[in-house]
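Let's sit down with this one and read a few of its features together. Have the sequence and the structure open as we go.

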Amino acid sequence: MAKNITEVVIAGKIISISGEEDSAYMTEVAAFINDKLQELQKTDNYGKLSAEYKQILLGMNLADEYFRLLLYQNIFAFQLVQQILILIILYPYLPPISLN
């Protein structure tokens, strides 16, 4: 698959990024990063941190969100499997459905 090159703005800087994803997707990812940066900039003492600690804080926040989404996804999948198993167990006892 061909690589797409897209210019995005992150933290007020124009950056050229390349990837197999389309330009709209890469722009959306950059907007997500900018939103996270803006959230962090509103926190107390953010301006006093070194650039290195700001990068670490951003990475930690992104990783936290990623792992929380994985957890929610796993919980949802587990609940879905539970519901399917309940339906399978109850199926013989359910009344017939009329499609008229």
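Q: Which residues can go into a nonpolar surface patch?

A: The general idea: a patch takes in residues with over 30% relative accessible area and no salt bridge, and nonpolar side chains (Val, Leu, Ile, Met, Phe, Trp, Tyr) are joined within 5 Å. Bear in mind that what you have on screen is a predicted model. In this case F76, L80, V81, I84, L85, I86, I88, I89, L90, Y91, Y93 and L94 make up a nonpolar patch on the surface, and together they offer about 1300 Å² of accessible area.

Q: Let's take one member, then. Is F76 buried or exposed?

A: The cut-off to keep in mind is that exposed means over 50% relative accessible area. F76 has 54%, so F76 is exposed. You'll find F76 in helix α2.

Q: Now for helix α1. How far apart are its end C-alpha atoms, and what span should we expect?

A: The trick is to count 1.5 Å a residue, using one less than the number of residues. Helix α1 covers residues 23-41, which is 19 residues, so its expected span is 27 Å; the end C-alpha atoms are 27 Å apart, and that agrees.

Q: Which residues of α1 are buried?

A: Buried means under 20% relative accessible area. In α1 that gives you M26, A30, I33, N34, K36, L37 and L40. They take up an arc of only 160 degrees around the axis, which means they sit on the same side of α1. Look at the other side of α1 and you get A24 and E28, which are exposed.

Q: What covers the buried residues of α1?

A: The cover includes β1 (4-10), β2 (13-19) and α2 (51-90). Try N34 as an example: it's in helix α1 and is buried, with a relative accessible area of 19%. Leaving aside neighbours within four places in sequence, N34 is in contact with V9, I10 and A11.

Q: And K36, what does that one touch?

A: Not counting residues up to four places away in sequence, K36 touches L58, L62 and E65. K36 counts as buried, at 12% relative accessibility. Here's a sequence-versus-space check too: K36 and G59 are 23 residues apart in sequence, yet 9.9 Å apart in space, C-alpha to C-alpha.

Q: How many salt bridges does the structure hold?

A: In general, side chains of opposite charge can pair when their charged atoms come close. The structure holds 3 salt bridges. In one of them, the side chains of K36 and E65 meet at 2.5 Å, N to O. K36 lies in helix α1 and E65 in helix α2, so this pair ties together parts that are 29 residues apart in sequence. E65 is partly exposed, with a relative accessible area of 26%.

Q: What else does K36 pair with, and how are the residues linked?

A: K36 also forms a salt bridge with E39, where the closest N and O atoms are 3.6 Å apart. E39 and K36 are 3 residues apart in helix α1, so about one helical turn separates them. E39 counts as partly exposed, at 46% relative accessibility. Put the pairs together and K36, E39 and E65 are linked in a network of salt bridges.

Q: How far apart are D64 and R68 in helix α2?

A: They're 4 residues apart, so they are separated by about one helical turn. Their side chains meet in a salt bridge, at 3.0 Å from N to O. D64 is partly exposed, with a relative accessible area of 36%, and R68 is partly exposed as well, at 44%.

Notes
Residues numbered from 1 in each chain as written. Predicted model: local features only at pLDDT ≥ 70, side-chain atom pairs only at ≥ 80, totals over all residues. Heavy atoms only, no water. Helix = DSSP H or I, 4+ residues; strand = E, 2+ residues; numbered from the N terminus. Buried < 20%, exposed > 50% of the residue type's maximum accessible area, 1.4 Å probe, protein only. Arc of directions from axis to C-beta. Contact = heavy atoms within 4.5 Å. Patch = residues over 30% accessible without salt bridge, like charges linked within 9 Å, V, L, I, M, F, W, Y side chains within 5 Å. Areas by Shrake-Rupley, 256 points an atom, 1.4 Å probe, with all protein chains shown as cover. Salt bridge = Lys/Arg side-chain N within 4 Å of Asp/Glu carboxyl O.
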